[in-house]
Amino acid sequence: MTEDLWHFTRKDFAQDVFTALTQGPGFAFTLTGPRRSGKTSFLLKDIAPLAKAEGHQVVYVSFWTNSSPTDLLLAAIVESQENRHLPSRLSDVKSIVQRVSIAGLNLTLDIGPDGHHSAEDDIQVLDKILGEMADAKCPPILLLDEFQAAAETEQGPEFLAAFRSILDKRRDGLRSIFCGSSQIGMRRVFSDREAPFYRFATPVTLPPLGEDFVRHQMQAFHQTFRAEVSIADALDSFATLGANPAAFRSWLQARAFRPDITANDLLTEMQQDMVAQTRFDENWIELSPSRRAVLRIIAEGFDQLYGQEATTRLDAITGGKAPTTSERQAAFRLFRRRGLVQTLEKEIEILHPLVRDWILARPESEFHS
């Protein structure tokens, strides 16, 4: 496999996680971090190679779709077996799981002579497969990306309850890393006392990237392009982009093709383009100034939208025209319907970090009637 010039390996952290997962008392971890902060690359390019080098089967699946989470996981297991010798003890499973149905793949799942199957059938097949795969000496490692999204599907509650039971039975023979970009969504799955996965896994946070990452990317940049970028501009842009590696790489690439404008102007242009990709700027135009103000205090970290502190801040933002409690409630319901915010107990967060930063940068005039 060709080495990825741009991949910045978190070698030490990956080794610590892998060692703890395979040799420590823990059998499952949750890995959280903002969207596009490098979690998937960490799983696929840091953890997976370590595991495969030690003989572990690796199954990677992203739940970031509306497909059945059971089907997604079954498809990932089948894919992981394509270039791997299937142990003889899995021969009966192979006859059961002939094909897997998943959106985007031309496959179907056959169970029984009539070919029909239910969600319960799929769970039984998943249970059977993982039971046969389990190996206490060299446990397969499940890399479960955007796991909080599984809870949002129609089959989510049933899948989570069954999957927890499946993994519970095989703590010695399977290892799991649950990854998610929404901290509130992950807490809803793993910290809610009523949730099936309550306290199932040990939480781990992806370490933030710093100057060493920027210098590594600059080296890759100068090996790839003939353009010049100063380390000072790169460090400033990285900080402005919230230390987001994907956004920073986009800025670097754009810099190679846009030497005609300053680094700061390009940064501003990029931020606007990224918000436009989320189509949030269209939502913003439709919002009244008072509703924009409510979204602004959420971006600022207010969890209590109806108290005196929030009213004082809204007065300051709107020029003395803070929305009433009922108006704030209506605005909040609208934001939830449009998928702009999510909540866990008393916590509120704006789903997309770039949108949050964009809101915080809006001028005062956009909050005045």
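Helix 10, which spans residues 245–257, packs against helix 11, residues 263–278, in this predicted model, and the two axes lie 10 Å apart at an angle of about 125 degrees. Because of that angle, helix 10 is oblique to helix 11, a class that takes in angles falling outside the roughly parallel, roughly perpendicular and roughly antiparallel ranges, the last of which begins over 145 degrees. The crossing in which helix 10 passes helix 11 is right-handed.

The residues that bring these two helices together can be followed on either side of the contact. From helix 10 come Ala247, Ser250, Trp251, Ala254 and Arg255, and these meet Ala263, Leu266, Leu267, Met270 and Met274 of helix 11. Sorted by character, the residues of the contact between helix 10 and helix 11 comprise eight nonpolar, one polar and one charged.

A second helix pair lies further along the chain, where helix 13 (residues 289–299) and helix 16 (residues 353–360) cross at roughly 115 degrees, their axes coming within 9 Å. Here the crossing of helix 13 past helix 16 is left-handed. Helix 13 contributes Leu295, Arg296 and Ala299 to the contact, while helix 16 contributes Arg356, Ile359 and Leu360; together the residues of this contact divide into four nonpolar and two charged, with no polar residue among them.

One of the charged participants deserves a closer look. Arg296 belongs to helix 13, and it counts as buried because its relative accessibility is 13%, where the limit for that class is under 20%. Leaving aside residues up to four places away in sequence, Arg296 touches Ile359 and Leu360, and also Arg313, Ile317, Arg362 and Phe367. Of these neighbours, Ile359 and Leu360 are the residues already met on the helix 16 side of the contact.

These two pairs can now be set within the chain as a whole, which contains 16 helices and seven strands. Of its 369 residues, 46% are buried, and the chain exposes about 19,100 Å², of which carbon and sulfur atoms supply 49%. When contacts between residues at least 6 apart in sequence are considered, 68% of them join residues at least 24 apart. The contact between helix 13, at residues 289–299, and helix 16, at residues 353–360, can be read against that background of sequence separation.

Technical notes:
Residues numbered from 1 in each chain as written. Predicted model: local features only at pLDDT ≥ 70, side-chain atom pairs only at ≥ 80, totals over all residues. Heavy atoms only, no water. Axes fitted to C-alpha atoms, helices over the stretch in contact; angles between N-to-C directions. Helix = DSSP H or I, 4+ residues; strand = E, 2+ residues; numbered from the N terminus. Parallel < 35°, antiparallel > 145°, perpendicular 65-115°, else oblique. Left-handed = near helix turned anticlockwise from the far one by under 90°. Contact = heavy atoms within 4.5 Å. Nonpolar A, V, L, I, M, F, W, Y, C, P; charged D, E, K, R; others polar. Buried < 20%, exposed > 50% of the residue type's maximum accessible area, 1.4 Å probe, protein only. Areas by Shrake-Rupley, 256 points an atom, 1.4 Å probe, with all protein chains shown as cover.
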